Amino acid sequence: MASSSSSSKTYTTLAVSDNMSRKVCTRAAGGGTPHLSTMIKQYFPETPRESAQKSTIAFAFDIDGVFVKGKDPLPGGADTLRLLQRLKIPYIFLTNGGGLTEKDHAAKVSSRLNVDIDPDQFVQSHSPFHDLVPLYRNRRILVIGGEGDQIRHVAEAYGFNDVITSSDLFVEWRTLHPFPEVSAPHHSAHGRPTPDLRTKEIAAILVWSSSRDWCLDLQVMHDLLLSSGGVFGKKSVKAGDVTLPNNGYLQDNQPKLYFSNPDFEWVTDYHQPRFAQGAIRECLEGLWRYSTKGEAKLEYTSIGKPSEATFMYGEKILKRFHEKMSRIQAMEGGVSGGGGGATAIRTVYMIGDNPDSDIVGANKYKSQMGATWKSVLVETGVYQAGTKPNHQPTYHARGIADAVRLVLEKERYNYLEGQNIMEARVYLKVYRDQEGCDYKAGHANNSDSDSSKKGRILKDRTNTDESIEAVRPPRFGKLMLPAALRQKTAHPGN
């Protein structure tokens with residue numbers, strides 16, 4: 001919504017068609033404020049959704065650089081999610097972020113966007129670690145990333161029963177850290193004394209989120225990958241043996257190494273992207289190459305976007321959530337037995353800001369449920385508008401609201417049904433913003449006071465200008481109210 005000025009008067013520009021503008025302001029000038037439901041019926045007659053849909057579309061959303069930048073929400077995101085909820089279009093969040101349980105991360109994003117998000121809609125970079133629990137449930141794992149005991153608690157919540165951190169190792173070996181002066185107090189506060197650290201095998205190293213102490217974590221991971229049998233502090237004698245595979249490196253029952261996020265950079269409050277988990281992996285590979293004289297390959301498993309494993313896991317969660325949503329809708333509609341099951345998902349749109357994770361991952365992924373994955377690149381995060389992305393998306397969009405609107409239009413999806421209330425609020429706003437039309441037209445024939453009318457309308461106006469603009473149907477242009485009607489509303493007594 002915008003405004004333009006002519007002489008001393010200010011007129012509101014609405015995202016509406018010309019004939020609709022006439023109806024709205026004519027009604028305002030003619031006799032008070034109509035009820036919201038009347039506005040909806042008069043100007044937005046119900047257009048039935050396609051009946052008995054045999055398939056549906058779905059969305060997978062990145063978060064950082066799409067819905068939030070740092071801790072601040074980006075324009076249009078919250079209203080876009082509410083629109084999809086009203087339209088009952090399934091969606092999940094497929095993020096390379098992490099460091100929390102899915103429940104806690106969903107609650108954090110819900111709070112920032114002021115939208116209810118189900119934890120079952122959340123796939124973090126390390127969510128596929130759930131599938132490692134049967135393998136390592138009662139074996140010792142070293143977890144990397146996060147602050148304090150944050151990742152230890154997440155791993156234990158997943159079901160891992162023997163979890164240690166680099167802080168635990170620091171407490172056991174005070175001289176382990178080559179430069180402890182900055183971070184020693186942190187590790188001393190959070191490290192747990194563990195009696196069998198010198199003798200028990202560490203079966204796996206799981207990197208859950210970005211390291212906070214790169215120096216210590218790189219040293220610890222490097223030492224373990226050169227250890228004998230995964231026992232910390234005990235060095236393998238097989239390293240460098242040319243008669244063994246990989247020149248003897250990683251041939252002595254060393255712990256398996258897992259990374260959960262290959263992103264080299266991510267978007268923060270700073271004006272340029274910052275290093276992410278992928279950067280520490282690159283550092284470890286460089287250290288490994290140097291210490292092995294380039295004679296050995298660093299073996300590890302990397303998940304997170306754009307890996308096939310993460311998209312496969314995300315699709316499984318999306319399908320499960322869609323089925324859950326369908327069961328709830330069936331019960332709310334009074335249909336017993338689940339209403340015949342969920343419709344098939346025919347197309348999944350991955351919307352993200354990073355060509356090297358969101359876009360390439362969606363472009364390459366071969367669906368396990370027979371759907372087609374397409375990608376939409378937005379300009380609010382890692383990708384900079386006007387530059388050539390490393391991987392071309394199916395579509396480009398300025399931001400999240402434009403991206404979803406574009407998809408709905410491309411899919412010929414009838415989404416006016418979901419916009420009726422919001423659009424009606426846009427048009428109600430003309431009563432307050434149009435100078436001279438401040439609920440005074442026809443006031444003599446209406447028993448309500450100006451103040452009570454204004455209060456009623458302001459109560460309905462719950463959307464910001466940005467959110468209203470975000471969901472504006474693309475076929476509506478920005479048109480000024482006709483001049484004759486502007487004059488009428490500016491001088492209601494004439």
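How many helices and strands are there in the protein chain? The chain of this predicted model has 17 helices and 20 strands. Of its 494 residues, 51% are buried. Taking contacts between residues at least 6 apart in sequence, 73% join residues at least 24 apart.

A convenient place to begin is the sheet. Six strands form an open sheet in the order β7-β6-β3-β17-β18-β19, and their pairing is parallel. At its edges are β7 (122–123) and β19, each of which pairs on one side only. The β7 edge can be followed residue by residue. There, β6 and β7 run parallel and are joined by 2 bridges, and L94 stands opposite V123 of β7. In general, the strands of a sheet pair through backbone hydrogen bonds, in either a parallel or an antiparallel manner.

Several of these strands also appear in the largest nonpolar core, which has 33 residues. Strands that each supply at least two residues of this core include β3 (55–61), β6 (91–94), β17 (344–352), β18 (372–378) and β19 (395–397). Helices contribute on the same terms: α3 (77–87), α4 (102–113) and α13 (400–410) each give at least two residues. Within the core, the residues with the most contacts are F59, F61, F67, F93 and I351.

F61 shows how these parts meet. Leaving aside residues up to four places away in sequence, F61 touches F67, L81, L84, Y91, I92, F93, L94, T95, M350, I351, I400 and V404. Among these partners, F67, F93 and I351 are also listed with F61 as residues with the most contacts inside the core. L94, the residue opposite V123 in β7, is another partner of F61.

Which residues belong to the other core that lies apart from this one? That core has 29 residues, including V207, M221, L257 and F259.

The remaining feature is the largest pocket, with a volume of about 830 Å³. Its lining consists of 39 residues, and D64, G97, G98, K108 and W266 are those nearest the pocket centre. Elements giving two or more residues to the lining are α4, β14 (265–266) and α12 (355–364). The largest share, 4 residues, comes from α4, a helix that also supplies at least two residues of the largest nonpolar core. By type, the lining of the largest pocket divides into 10 nonpolar, 16 polar and 13 charged residues.

Note on methods. Residues are numbered from 1 along each chain as its sequence is written. This is a predicted model: local features need pLDDT of at least 70, side-chain atom pairs count only at pLDDT 80 or more; totals for chains, interfaces and linings use all residues. Side-chain values use heavy atoms; hydrogens and water are left out. A nonpolar core is a set of buried Ala, Val, Leu, Ile, Met, Phe, Trp, Tyr and Cys residues joined through side-chain atoms within 4.5 Å. Buried means under 20% relative accessible area, exposed over 50%, partly exposed in between (1.4 Å probe, protein chains only). Contact means heavy atoms within 4.5 Å. On a 1 Å grid over the protein atoms alone, a cavity is a set of points where a 1.4 Å probe fits but cannot get out, and a pocket is an open set with protein on both sides within 12 Å along at least five of seven lines; lining residues have an atom within 4 Å of a point. Grid points are joined across faces, edges and corners, and a volume is the space filled by probe spheres set on the points. Ala, Val, Leu, Ile, Met, Phe, Trp, Tyr, Cys and Pro count as nonpolar, Asp, Glu, Lys and Arg as charged, and the others, Gly among them, as polar. Two strands pair if DSSP finds at least two bridges between them.
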